[in-house]
Amino acid sequence: RARVAVPWTQLAGASHTLAVAKTGPGRLYYRVGIQYAPAKLDLPPLDAGFVVRRSYRAVDRPSDVTRTPDGNYKVRLGAVVVVTLEVLSTSHRYAVALVDPLPAGFEIENARLGRGVKLEWAQPDDMWAVDFQNMRDDRVEAFGSLPPNTAKKIVYSVRAVTSGKFSIPPVEAEAMYDPTLWARAAGAMLVVGGPW
């Protein structure tokens, strides 16, 4: 078993050739991956096998959450916000992972802990019947299979707990065993404060 790491600074230019070879009997299994943090935080959406979208809406007063013309959000401090994640695939996909990183300033209202918003308005046919879901401090994760040509949703609530300006990282979906199939929603910025 071996691991080779190449610093990003050595990868200047638009394309590179990578050769993977072995000597001797047996099979060679390998993985090539890139880990990086983009310099640009407001990334555009990218659909490569999936379409994934995220939206925020206020629970108590519509004015608690506003979307600015440039696609960013303003949220009143203390407001409860419903987050709707929507994922669509044109083909049946198995072992799909959906990860929604939370912007700093938001805290999940975990319904399993007796906190959160009652979401009776959510239509059961639209909801994604996931195999497993995590509500973590910094993200929400959902795992399951997607039917073809049917948009499915995950809905949860958060509370704006910290004033400031924060980046909203893109929500991403990926076929776990075929990472060429993935998507991300657009990134944005969040301002928590107010009242507006």
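**Entry 1. Core**

I began with the largest nonpolar core, which has 36 residues. Within this core, F50, L98, F106 and Y156 have the most contacts. I note here that the structure is a predicted model. I recall as background that nonpolar side chains tend to be buried together in soluble globular proteins.

I then followed F106 outward, setting aside its neighbours within four places in sequence. The partners of F106 are Y56, V75, V81, V158, R159, A160, V161, L190 and V192.

**Entry 2. Chain as a whole**

I recorded the secondary structure next. The chain has 14 strands and zero helices, so I read the pattern along the sequence as β-β-β-β-β-β-β-β-β-β-β-β-β-β. Of its 196 residues, 33% count as buried. I also looked up the sequence range of the contacts: among those between residues at least 6 apart in sequence, 75% join residues at least 24 apart.

**Entry 3. Largest pocket**

How much space lies in the largest pocket? I noted about 2100 Å³. The lining of this pocket consists of 42 residues, and R31, V32, G33, I34 and Q35 lie nearest its centre. I listed the elements that give two or more residues to the lining: β6 (93-101), β12 (172-175) and β13 (178-184). The largest share comes from β13, with four residues.

I sorted the lining of the largest pocket by residue class and entered 29 nonpolar, seven polar and six charged residues.

**Entry 4. Positive phi values**

I looked up two residues other than glycine with positive phi. The phi of A95 is near 50°, and A95 has its place in strand β6. For N149, phi is about 55°. I located N149 in the loop between β9 (139-146) and β10 (152-160).

Is N149 buried or exposed? I entered N149 as exposed, because its relative accessibility is 57% and the cut-off for exposed is over 50%.

**Entry 5. N72**

I placed N72 in the loop between β3 (65-67) and β4 (73-76). N72 is classed as buried because its relative accessible area is 18%, and the limit for buried is under 20%.

I then examined the surroundings of N72. Its side chain makes a polar contact with the side chain of D70, at 3.1 Å. Not counting residues up to four places away in sequence, N72 touches T66, R67, A188 and M189.

**Entry 6. G193**

I found G193 in strand β14, which covers residues 188-193. With a relative accessible area of 11%, G193 is buried.

Which residues does G193 touch, not counting those up to four places away in sequence? I listed V75, R76, L77 and S163. I also checked G193 against A79: the two are 114 residues apart in sequence, and their C-alpha atoms are 9.7 Å apart in space.

**Entry 7. Y177**

I closed with Y177, in the loop between β12 and β13. I recorded Y177 as exposed, because its relative accessibility is 72%. The C-alpha atoms of Y177 and Y94 are separated by 8.7 Å, although these residues are 83 apart along the chain. On the elements that flank this loop, I refer back to the pocket entry: β12 and β13 each give two or more residues to the lining of the largest pocket.

Conventions:
Residues are numbered from 1 along each chain as its sequence is written. This is a predicted model: local features need pLDDT of at least 70, side-chain atom pairs count only at pLDDT 80 or more; totals for chains, interfaces and linings use all residues. Side-chain values use heavy atoms; hydrogens and water are left out. On a 1 Å grid over the protein atoms alone, a cavity is a set of points where a 1.4 Å probe fits but cannot get out, and a pocket is an open set with protein on both sides within 12 Å along at least five of seven lines; lining residues have an atom within 4 Å of a point. Grid points are joined across faces, edges and corners, and a volume is the space filled by probe spheres set on the points. Ala, Val, Leu, Ile, Met, Phe, Trp, Tyr, Cys and Pro count as nonpolar, Asp, Glu, Lys and Arg as charged, and the others, Gly among them, as polar. Buried means under 20% relative accessible area, exposed over 50%, partly exposed in between (1.4 Å probe, protein chains only). A nonpolar core is a set of buried Ala, Val, Leu, Ile, Met, Phe, Trp, Tyr and Cys residues joined through side-chain atoms within 4.5 Å. Contact means heavy atoms within 4.5 Å. A polar contact is a pair of N or O atoms within 3.5 Å; within protein, one must be able to donate a hydrogen and the other to accept it, and residues adjacent in sequence count only if both atoms are side-chain atoms.
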